[in-house]
Amino acid sequence: MDGGNWSGDAGFLLLGISEMPEQQPIFFWMFLCMYLVAVVGNVLIILAIASHSRLHTPMYFFLANLSFTDLFFVTNTIPKMLVNLQSQNKAISYAGCLTQLYFLVSLVALDNLILAAMAYDRYMAICHPLHYTTTMSPKLCVSLLALCWVLSVLYGLIHTLLMTRVVFCGPRKIHYIFCEMYILLRLACSNTQVNQMTLVGTGCFYFLTPLGFMILSYVCILRAILRIPSDTGKCKAFSTCASHWAVVSLFYGTLSMVYLQPLHTYSTKDSIATVIYAVVTPMMNPFIYSLRNKDMQGALGRLLLGKAFKRLP
């Protein structure tokens, strides 16, 4: 089934970044190490926040959910890719491909919406500190998270259901590490105008709107920080936002490298950018949030070392 029209029932071949046999072991061990680092790092963040009462605050509540999302994200794509790198059979079923696509787009949207919720939390903490405790109540935090989940599930369903209407043709080879929206649309021989218009419309709502909100929030935060009289206070306020802004920059920077381009220019050359946002970003988030965060470092120390950590100077 290398030519002609087909609905996709026969499935696809995930060929990955390279088809050269001598490179397969290198990619396998590289991605395995990155996957293990991402899993261990995000699990440790979740356990540290859950086990340390001092971290039971809105900021860390959203951070724990961001880590859970990143954990789910890498588990959705990397294990299948590792199997393909070790196997001659690189096939993925049509249903498996659509399932992977659904979780991929849903979790990317969820990541983005949680980052927006975290920006709102930092805005309230720095710009309205006197109202922070009453405004960022547990009820509001849970409601914001539930809204993020509902919107991301809806986003995934819209694009996955639209993809079921697409008729594919030609080779069923995907030169990518997972079933990705643009790559699948490039394989289509039916009209994909509705898919593309929906991508643009929902993309503006799900990604550009939260990004605009985050930028506006940080403009307000920056103005509030500059009004703090002491340098110590300014540094402390900056440090609470630096990690979040670094993650936002990494997330949107890599995402824009992949998706801010016309569909007809999309090619396998974008695989490196895809690896960055699909693997590197979830792997780096735990390091970014714990590198300069003393509360997180203390919680991780107590989690890993127990009582021995308390005796350290």
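**View A. His52 and its polar partner in the predicted model.** His52 sits in the loop between helix 1 (24–51) and helix 2 (58–86). This residue counts as buried, at 15% relative accessibility. The cut-off for buried is under 20% relative accessible area. The side chain of His52 meets that of Arg302 in a polar contact of 3.1 Å. Arg302 falls within the residue range of helix 10 (residues 294–305).

**View B. A nonpolar surface patch formed by leucines.** Leu47, Leu303, Leu304 and Leu305 make up the patch. Its area is about 350 Å². Helix 10 (residues 294–305) contributes the most, with three residues. Leu304 belongs to this helix. With 55% relative accessibility, Leu304 counts as exposed. The threshold for exposed is over 50%. Leu47 falls within the range of helix 1 (24–51).

**View C. The disulfide between Cys97 and Cys179.** The structure holds one disulfide. Its S to S distance is 2.0 Å. The link is left-handed, with -125° about the S-S bond. Cys97 lies in helix 3 (residues 94–127), while Cys179 lies in the loop between strand 5 (173–174) and helix 6 (181–186), so the bond ties together parts that are 82 residues apart in sequence. Both ends of the link are shielded: Cys97 is buried, with a relative accessible area of 1%, and Cys179 is buried at 0% relative accessibility.

**View D. Two further cysteines, Cys141 and Cys189.** How exposed is each one, Cys141 and Cys189? Cys141 counts as buried, at 4% relative accessibility. Cys189 is partly exposed, with a relative accessible area of 34%. The disulfide of the model joins Cys97 to Cys179.

**View E. Helix 3 along its length.** Helix 3 has 34 residues. At 1.5 Å a residue, these should span 50 Å. The end C-alpha atoms are 49 Å apart, which agrees with that expectation. Helix 3 is mostly covered, with 26 of its 34 residues buried. Cys97, the disulfide partner of Cys179, is among the buried residues, at 1% relative accessible area. An α-helix has 3.6 residues a turn, so residues three or four places apart point the same way.

Conventions: Residues are numbered from 1 along each chain as its sequence is written. This is a predicted model: local features need pLDDT of at least 70, side-chain atom pairs count only at pLDDT 80 or more; totals for chains, interfaces and linings use all residues. Side-chain values use heavy atoms; hydrogens and water are left out. A disulfide is a pair of cysteine sulfur atoms within 2.5 Å. Helices (H or I, at least four residues) and strands (E, at least two) are DSSP runs, numbered from the N terminus. Buried means under 20% relative accessible area, exposed over 50%, partly exposed in between (1.4 Å probe, protein chains only). The expected span of a helix is 1.5 Å times one less than its number of residues. Patches are made of residues with over 30% relative accessible area and no salt bridge: like charges are joined within 9 Å, nonpolar side chains (Val, Leu, Ile, Met, Phe, Trp, Tyr) within 5 Å. Accessible areas come from the Shrake-Rupley method with a 1.4 Å probe; for residues, only the protein chains shown count as cover. A salt bridge is a side-chain nitrogen of Lys or Arg within 4 Å of a carboxyl oxygen of Asp or Glu. A polar contact is a pair of N or O atoms within 3.5 Å; within protein, one must be able to donate a hydrogen and the other to accept it, and residues adjacent in sequence count only if both atoms are side-chain atoms.
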